[in-house]
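Me: I should like to learn how to read the features of a structural model. May we take them one at a time?

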Amino acid sequence: MNLVKYRLLNSVFTTLIVFFSCLVMLEWIFKTKILFGIDGAGATTKFNTAFLFFLSACSLILSKKKGRIFRILFSSTTFIIMFFSLLTIAEYIFNISLIDNLIIKDTVTPELPGRMSLATACSFTFVSTGFAGLLTKKV
């Protein structure tokens, strides 16, 4: 695949991630159900998950920009992704609630309201680790 097609594909997927994560966050803010889950009884996409997807897309965009301010913003979004995901893992390990309902209160889920799944938190930890790798100087 040539470079132009790769960049176009990258832009399309990044735009889709921003669009759908914003849509899910707006659903939580306005308490509507469009993409929450497949049915009323199934798992829902948590606000924190959509927020971290949004930040991940922003990180991808920022990683391609030149300049000190973009590098600082990229570092900040990477840190926030890692921070949220590691705190969620700690919540599972220690059976506590730290950030589950920090931004938006989950009144839909009866068990562990507002908490993204452990697999999702681990995945975001790996994603943020990969982003952190982009911060290192090339050898």
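Reply: Let us begin with exposure: a residue is buried under 20% relative accessible area, exposed over 50%, and partly exposed in between (1.4 Å probe, protein chains only). At 56% relative accessibility, Lys31 therefore counts as exposed. The model is a predicted one, in which local features need pLDDT of at least 70, side-chain atom pairs count only at pLDDT 80 or more, and totals for chains, interfaces and linings use all residues. Residues are numbered from 1 along each chain as its sequence is written, and side-chain values use heavy atoms, with hydrogens and water left out.

Me: How many helices and strands does the protein chain have?

Reply: Helices (H or I, at least four residues) and strands (E, at least two) are DSSP runs, numbered from the N terminus. The protein chain has four helices and zero strands, and its pattern along the sequence reads α-α-α-α. The C-alpha trace spans about 50 × 30 × 25 Å along its principal axes. Of the 139 residues in the chain, 32% are buried.

Me: What share of the contacts joins residues at least 24 apart in sequence?

Reply: Contact means heavy atoms within 4.5 Å. Among contacts between residues at least 6 apart in sequence, the share joining residues at least 24 apart is 62%.

Me: What is the sign of phi at Lys31, positive or negative?

Reply: Most residues other than glycine have a negative phi. Lys31 has a positive value, near 55 degrees. This residue lies in the loop between helix H1 (3–30) and helix H2 (47–63). Leu112, also not a glycine, has a positive phi of about 50 degrees. Leu112 is found in the loop between helix H3 (68–94) and helix H4 (118–134), and it counts as partly exposed because its relative accessibility is 33%.

Me: How should the packing of two helices be described, and at what angle do H2 and H3 pack?

Reply: Two packed helices are described by the angle between their axes and the distance between the axes. Axes are lines fitted to C-alpha atoms, for helices over the stretch in contact, and angles run from 0 to 180 degrees between N-to-C directions. Angles under 35 degrees count as roughly parallel, over 145 as roughly antiparallel, 65 to 115 as roughly perpendicular and the rest as oblique. H2 and H3 pack at about 155 degrees, with their axes 9 Å apart, and are therefore roughly antiparallel.

A crossing is left-handed if the near helix is turned anticlockwise from the far one by less than a right angle, and right-handed if clockwise. H2 passes H3 in a left-handed crossing. Residues making the contact include Phe51, Leu55 and Leu62 of H2 and Phe70, Ile80 and Phe84 of H3.

Me: Which classes of residue form the contact of H2 with H3?

Reply: Ala, Val, Leu, Ile, Met, Phe, Trp, Tyr, Cys and Pro count as nonpolar, Asp, Glu, Lys and Arg as charged, and the others, Gly among them, as polar. The contact of H2 with H3 comprises 10 nonpolar, seven polar and no charged residues.

Me: Are H2 and H4 roughly parallel or roughly antiparallel to each other?

Reply: The axes of H2 and H4 come within 11 Å and cross at roughly 15 degrees; the two helices are therefore roughly parallel. Their crossing is left-handed. Among the residues that meet are Thr49, Phe53 and Leu60 in H2 and Thr120, Val127 and Phe131 in H4. By class, this contact of H2 with H4 has seven nonpolar, five polar and no charged residues.

Me: How are H3 and H4 oriented, roughly parallel or roughly antiparallel?

Reply: H3 and H4 are roughly antiparallel, because their axes cross at roughly 150 degrees, coming within 8 Å. The crossing of H3 and H4 is left-handed. The contact includes Met82, Ile89 and Tyr92 of H3, together with Ala121, Cys122 and Ala132 of H4. Its residues divide into 13 nonpolar, six polar and no charged.

Me: How many disulfides does a search of the whole structure find?

Reply: A disulfide is a covalent bond between the sulfur atoms of two cysteines. Here a disulfide is taken as a pair of cysteine sulfur atoms within 2.5 Å. The search of the whole structure finds zero. Cys22 is in no disulfide, and its nearest cysteine sulfur, that of Cys58, is 7.9 Å away. With a relative accessible area of 26%, Cys22 is partly exposed. Cys122 likewise counts as partly exposed, at 28% relative accessibility.
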